[in-house]
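Trainee: Could you take one strand of this model and look closely at its surroundings, giving the cut-offs behind each term as you go?

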Amino acid sequence: MVHVTKSNFLTQLTDFLHQLPTASFIALDEEMTGISLPGSRQQRPNKVELPGERYTRLLKGVPERYSILQVGVALFHKNPNYKKHTVGRDRACSSGNHRSPTENDNEDEHAYMHREGMLNQDELEDLTEREEEEGIAAAAENSDNIDDEDEEDSTAATEEESEYTSRIYNFYLFPSSSKSKHERELTLNPSTVQFLLENHMDFDKVFREGIPFTTADHATFLKKKYFEKYDLNGDENQNGKKNAGSNTPRKNRVKLTRVEDIAFVARTMAGLREWIDSDNSMQNPLADGDGDDDVVATAAEENNNDGANGGNATNGRNPDENGGVSSQEEGTSLVLPPCNAFLRRCLYETIEDEYPGLVLERAGSDPNAGVARNQIRVIRLSPAEKKCREARLRQGEWDKLLQDIGFTTLFQAISDACNGKSFTSEQTSSFLDGLSSELTVAADKKTADGQQSERRIPLIIHNGLQDLMFLMTHCHDPSLPESFEDTKKVIRGYFPDIYDTKVLGSEYSDAIIRGGNTALEPLFSTTCNTGESEDILSLKAPPIVNQDGRSEGQAHEAAWDAYMTGCVFNALCNRILESKNRLSFDLTLDRLLHDSSDGLLREWIGRNMIYMHVSLFTIDLESSSGPVGLYDPVSSGLSFDTTFHVSGITASVSTRDILQALTQYEGEDEAIRLLKYEIIWVDDASFFVGTRMIGDVSPDDLTATSLIASHVRNKLRGGLGNVEILPLGDYFKKKYATETSEESVGIVGSLVSVATKPFQVLGSVLGFGKRSSDDIDNNMRASKKRRLG
């Protein structure tokens with residue numbers, strides 16, 4: 001694992017960008033300063049509220065208010081040394097139950113010789129006996145060889161390579177301190193901070209060394225300004241505004257009036273002329289030549305406060321620990337005497353007019369440079385030295401720009417990889433050298449049918465809806481769209497292929513996984529072997545290449561959580577593929593991810609399905625059909641047709657009464673006996689009942705759906721009386737239609753009303769919206785009583 005801060009950001013950015021294009025999948029996790037709004041604990045989520053209502057009421061404001069502290073990114077690459085072990089099948093083929101081709105050939109040859117009269121019966125028996133004795137000896141020798149091979153295979157099995165290797169990066173983030181409209185405040189939630197401290201979050205590293213970030217649009221704007229500047233300057237001196245327009249007469253030139261100021265400038269210019277006229281350009285040209293102590297000549301070794309590779313904002317060189325410079329020389333230089341800003345401006349104007357080929361800069365740009373901050377350095381360069389200097393200054397400015405943009409460059413790179421854009425080593429080098437503003441180029445390969453052929457790298461999360469929204473507020477726009485559907489479109493624009501291991505474990509995996517704990521750490525412990533477990537069903541966890549091959553870390557550290565997420569994804573997908581491959585498929589995870597249809601990926605491993613906490617719904621980033629607000633499906637095992645709204649009950653009915661009515665199974669089909677029920681109270685007179693199917697019964701099985709609907713209606717009406725029962729889909733459609741007809745007339749008005757108030761309708765239905773606090777308290781007490789009844 002690599003901890004990435006401002007001090008090593010450029011180095012790790014280079015490493016990351018070179019490793020990213022070849023990854024099979026990317027896992028991501030975050031740690032934030034808060035995960036819930038103040039007071040929201042009194043507004044706990046209701047399981048049946050629509051995702052759009054939850055988004056508006058509880059989710060949207062969280063990533064707009066709080067900040068990311070850590071982003072963990074884990075890259076998973078195919079292991080070139082990985083081989084599937086088929087020892088069992090190999091041994092079966094070489095066991096004594098099957099004769100070798102040579103044995104079969106000998107038998108056929110002997111039978112032929114006997115039939116043709118070449119051997120009589122006695123001769124045939126003698127020959128066969130001798131060959132059997134020889135065969136026994138050969139078999140014994142072969143058995144010894146097999147035992148040796150078994151030992152080798154046993155050793156190989158204990159040293160079995162993982163299918164993937166991983167590189168993990170732990171990025172510490174802190175808002176930029178630049179005073180601009182993109183400045184972001186840091187808000188801390190006390191309970192979240194306490195939790196992070198208990199899990200060893202290094203806040204000192206966050207505050208002192210956190211990497212800045214900005215929006216993608218602002219990053220593009222800053223890079224555009226940089227390239228416009230150097231395109232406009234062309235091959236002009238890259239010393240910026242100090243030398244720009246030196247051949248153009250200045251307006252408002254400084255005019256000296258004080259005698260001492262005029263004398264100082266004259267004395268300084270005389271020393272400068274003597275230095276220029278000196279034949280010994282590499283030595284000290286003005287050493288006491290005229291007895292003027294005010295003018296100090298220096299060679300390149302006096303270049304205090306400079307750096308070597310772009311770390312300094314003025315000239316891009318790296319200062320050493322004592323504030324000195326590297327030994328690299330650039331021409332010869334002269335440091336002029338210290339003076340105030342007024343006289344420095346006069347010297348700049350005078351020297352630029354008289355010697356436009358010289359380079360001028362402040363002698364010391366560091367705040368601790370002392371008197372050097374009040375001095376001008378004059379540099380005389382050969383054409384080759386001038387070109388070298390220009391390249392260095394340009395690279396230094398680009399490096400500083402990358403530091404200022406910070407994590408947003410990583411965000412854009414991951415998005416480009418997820419969208420299938422083409423990375424090349426040349427393009428990456430051009431970007432890092434400041435020669436191109438783009439990391440990638442659009443993929444231009446097309447299939448035979450004219451479709452775009454892209455290698456899109458999937459993004460893996462675990463219960464990561466909030467993680468995705470935090471990324472949007474940090475790197476897209478500080479404010480999320482008002483509509484949840486628009487937010488989903490923005491997310492999918494950046495990351496078109498997302499897999500949530502929470503959904504994968506709870507909805508698409510086998511019964512063992514679904515029946516267990518699907519939180520990240522328990523899933524990792526169950527499905528992955530880090531060397532301590534002897535469970536043959538668990539998958540060997542990939543080694544972490546940038547952590548000496550070890551697979552160790554701290555839970556709730558973003559990089560380790562990202563690593564666990566990727567390992568769980570690998571393990572769960574392998575379990576699913578094992579069951580599918582028994583049905584004549586022969587797919588590896590890599591082939592499934594990169595060579596399969598989108599439909600197959602959705603069906604098998606839940607492409608673009610994201611978990612929503614405490615909800616009957618699963619978020620579908622691709623769905624945009626159906627009534628407004630009903631775009632997202634209910635979670636696995638449930639369906640709109642087998643989840644019911646029940647109204648018209650009496651005040652005495654409790655949850656126990658409902659369950660007793662539903663579990664009267666006499667004469668019922670086996671599928672009905674396996675149903676699980678979930679009761680969700682709305683108010684004193686209505687509730688929702690969800691029927692979750694167990695086993696191999698699909699929610700899309702119309703026969704089973706009809707059977708369940710009939711069972712629920714018959715049992716509830718038999719046990720509770722004449723109650724109104726509506727499937728969830730019909731219930732919402734009815735409510736939308738009622739609200740629309742009350743508030744607007746005509747098709748256009750209906751569409752506007754439905755589009756703008758879908759979630760307010762549901763809020764009022766489910767007991768939210770404009771109900772008074774007394775009503776809410778009374779209903780909560782009633783619901784609690786019913787649940788206990």
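Mentor: Six of the eight residues of strand β16 are buried, so β16 is largely enclosed by the rest of the structure; buried here means under 20% relative accessible area, exposed means over 50%, and partly exposed lies in between, with a 1.4 Å probe and protein chains only. The strand label itself comes from DSSP runs, numbered from the N terminus, in which a strand (E) has at least two residues and a helix (H or I) at least four. This is a predicted model, in which local features need pLDDT of at least 70 and side-chain atom pairs count only at pLDDT 80 or more, whereas totals for chains, interfaces and linings use all residues. Residues are numbered from 1 along each chain as its sequence is written, and side-chain values use heavy atoms, with hydrogens and water left out.

The partner of β16 in a hairpin is β17, with two residues between them. Seven bridges join these antiparallel strands, where two strands are said to pair if DSSP finds at least two bridges between them, and within this pairing W681 stands opposite F687 of β17. In general, strands of a sheet pair through backbone hydrogen bonds, either parallel or antiparallel.

The hairpin belongs to an open sheet of four strands in the order β16-β17-β15-β18, with antiparallel pairing. Its edge strands are β16 (676-683) and β18 (724-727), each of which pairs on one side only, and the twist from one strand to the next averages 20°. Axes are lines fitted to C-alpha atoms, for helices over the stretch in contact, and angles run from 0 to 180 degrees between N-to-C directions. Further along the sheet, β15 (residues 643-647) and β18 are paired in the antiparallel sense over four bridges, and F644 has P727 as its bridge partner in β18. Helix α23 (residues 655-662) packs on the sheet and touches both β16 and β17 (686-692), its direction making about 140° with that of β16; contact means heavy atoms within 4.5 Å.

For the wider setting of this strand, the protein has 29 helices and 18 strands, and buried residues make up 46% of its 789 residues. Among contacts between residues at least 6 apart in sequence, 74% join residues at least 24 apart. The accessible surface comes to about 39800 Å², of which 49% belongs to carbon and sulfur atoms; these areas come from the Shrake-Rupley method with a 1.4 Å probe, and for residues only the protein chains shown count as cover.

A buried position in a helix can be set beside the strand. T565 lies in helix α20 (residues 558-581) and is buried, with a relative accessible area of 0%. Leaving out residues up to four places away in sequence, T565 touches A27, I460, I461, H462, T501 and L520.

The cysteines complete the picture. The structure holds zero disulfides, a disulfide being a pair of cysteine sulfur atoms within 2.5 Å. The sulfur of C346 is 9.1 Å from the closest cysteine sulfur, that of C339, which is too far for a bond, and C346 is buried, at a relative accessible area of 6%.
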